[in-house]
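Biologist: I'd like to learn how the labels on a model like this one are earned. Could we look at it together?

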Amino acid sequence: MDFDRDVSKYLDKHKGEPSVGALIDSDDLKYINDLYGHDAGDAALKTFAKVLEDNFGQLGKVCRNGGDEFAVFLKRTTLTEGRAIFKKLFRQNLTFSYQGKDYPYTISPGFAAYPDQGASREELLNKADAALYAVKMTGKGILQ
């Protein structure tokens, strides 16, 4: 499945129907890799991917965007509903297991609403990227 193609097709087919696009960063993956090794970083990413799929898979699409960033698209979701959904994810105590120990981690999300904040997949995810950047500049592990 191709995330970009599928989201673009969906938006073309459901013009004007509210949706939310998000980019979510697993904070400090480099620190996890440096401190515990790349196997620990891989475990953190796999755990995070499962959390995202469990939380959002039924609502839309999830894909790894590269590095420690994931893209999420929520169908038939308003910005208010999206914020509530991300707030629920944000409140979870996120941990990954490596060599029998649990390690906490935080996330930073940036999201935007279609069609109000972006008229296409590209515009929507660019706005989500700008929102993620704003979160990272004000402090990781927060929800705006």
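Biologist: How many salt bridges does a search of the whole structure find?

Modeller: The search finds eight. Keep in mind that this is a predicted model.

Biologist: What makes Asp-6 and Lys-61 a salt bridge?

Modeller: The closest N and O atoms of Asp-6 and Lys-61 are 3.4 Å apart. The cut-off is a Lys or Arg side-chain nitrogen within 4 Å of a carboxyl oxygen of Asp or Glu, so the pair earns the name. Asp-6 sits in helix α1 and Lys-61 in strand β2, 55 residues apart, and the pair links these distant parts of the chain. Both Asp-6 and Lys-61 are buried.

Biologist: And why might such side chains pair at all?

Modeller: Side chains of opposite charge can pair when their charged atoms come close.

Biologist: What other pairs are there, for instance with Lys-136?

Modeller: Lys-136 bridges to Asp-27, with 2.6 Å between the closest N and O atoms. Lys-136 is in helix α5, while Asp-27 is in the loop between β1 and α2, 109 residues apart. There is also a network: salt bridges that share partners join Arg-5, Asp-6 and Lys-61.

Biologist: How do you know that Asp-27 is buried?

Modeller: Its relative accessibility is 2%. Buried means under 20%, so Asp-27 counts as buried.

Biologist: Asp-12 and Lys-15 also meet in a salt bridge. Are these two buried or exposed?

Modeller: Their N to O distance is 3.8 Å. Asp-12 has a relative accessible area of 52%, and Lys-15 has 63%. Exposed means over 50%, so Asp-12 is exposed, and Lys-15 is exposed too.

Biologist: Let's turn to helix α1. Which of its residues are buried?

Modeller: In α1, residues 3-13, the buried ones are Phe-3, Asp-6, Val-7, Tyr-10 and Leu-11. Seen down the axis of α1, they fall within an arc of 130 degrees, so they line one face of the helix.

Biologist: Why can residues three or four places apart point the same way?

Modeller: An α-helix has 3.6 residues a turn, so residues with that spacing point the same way.

Biologist: What covers the buried side of α1, and what does the other face carry?

Modeller: The cover includes strands β1, β2, β3 and β6 and helix α5. The face turned away from the buried side carries the exposed residues Lys-9, Asp-12 and Lys-13.

Biologist: Why is Ser-26 called buried?

Modeller: Ser-26 has 1% relative accessibility, which is under 20%, so the label fits. Ser-26 belongs to strand β1. Not counting residues up to four places away in sequence, Ser-26 touches Phe-48, Asp-68, Tyr-105, Thr-106 and Ile-107.

Biologist: Now helix α2. Are Tyr-31 and Ile-32 buried or exposed?

Modeller: Tyr-31 lies in α2, and Ile-32 is found in α2 as well. At 51% relative accessibility, Tyr-31 is over 50%, so Tyr-31 counts as exposed. Ile-32 has 6%, which is under 20%, so Ile-32 counts as buried. Leaving aside neighbours within four places in sequence, the contacts of Ile-32 are Asp-27, Gly-37, Ala-40, Gly-41, Ala-44 and Phe-96.

Biologist: Which residues form a nonpolar patch on the surface?

Modeller: Tyr-31, Leu-35 and Tyr-36 do, with about 310 Å² of accessible area together.

Biologist: What makes Arg-76 and Gln-99 worth pointing out?

Modeller: Neither is a glycine, yet Arg-76 has a positive phi of about 45 degrees, and Gln-99 has a positive phi of about 50 degrees. Most residues other than glycine have a negative phi, and most peptide bonds are trans. Arg-76 is in the loop between β3 and α4, and Gln-99 is in the loop between β4 and β5. With relative accessible areas of 56% for Arg-76 and 68% for Gln-99, each is exposed.

Biologist: Where is there a cis peptide bond?

Modeller: A cis bond joins Tyr-114 and Pro-115, with omega about 0 degrees. Pro-115 lies in the loop between β6 and α5.

Note on methods:
Residues numbered from 1 in each chain as written. Predicted model: local features only at pLDDT ≥ 70, side-chain atom pairs only at ≥ 80, totals over all residues. Heavy atoms only, no water. Buried < 20%, exposed > 50% of the residue type's maximum accessible area, 1.4 Å probe, protein only. Helix = DSSP H or I, 4+ residues; strand = E, 2+ residues; numbered from the N terminus. Arc of directions from axis to C-beta. Contact = heavy atoms within 4.5 Å. Patch = residues over 30% accessible without salt bridge, like charges linked within 9 Å, V, L, I, M, F, W, Y side chains within 5 Å. Areas by Shrake-Rupley, 256 points an atom, 1.4 Å probe, with all protein chains shown as cover.
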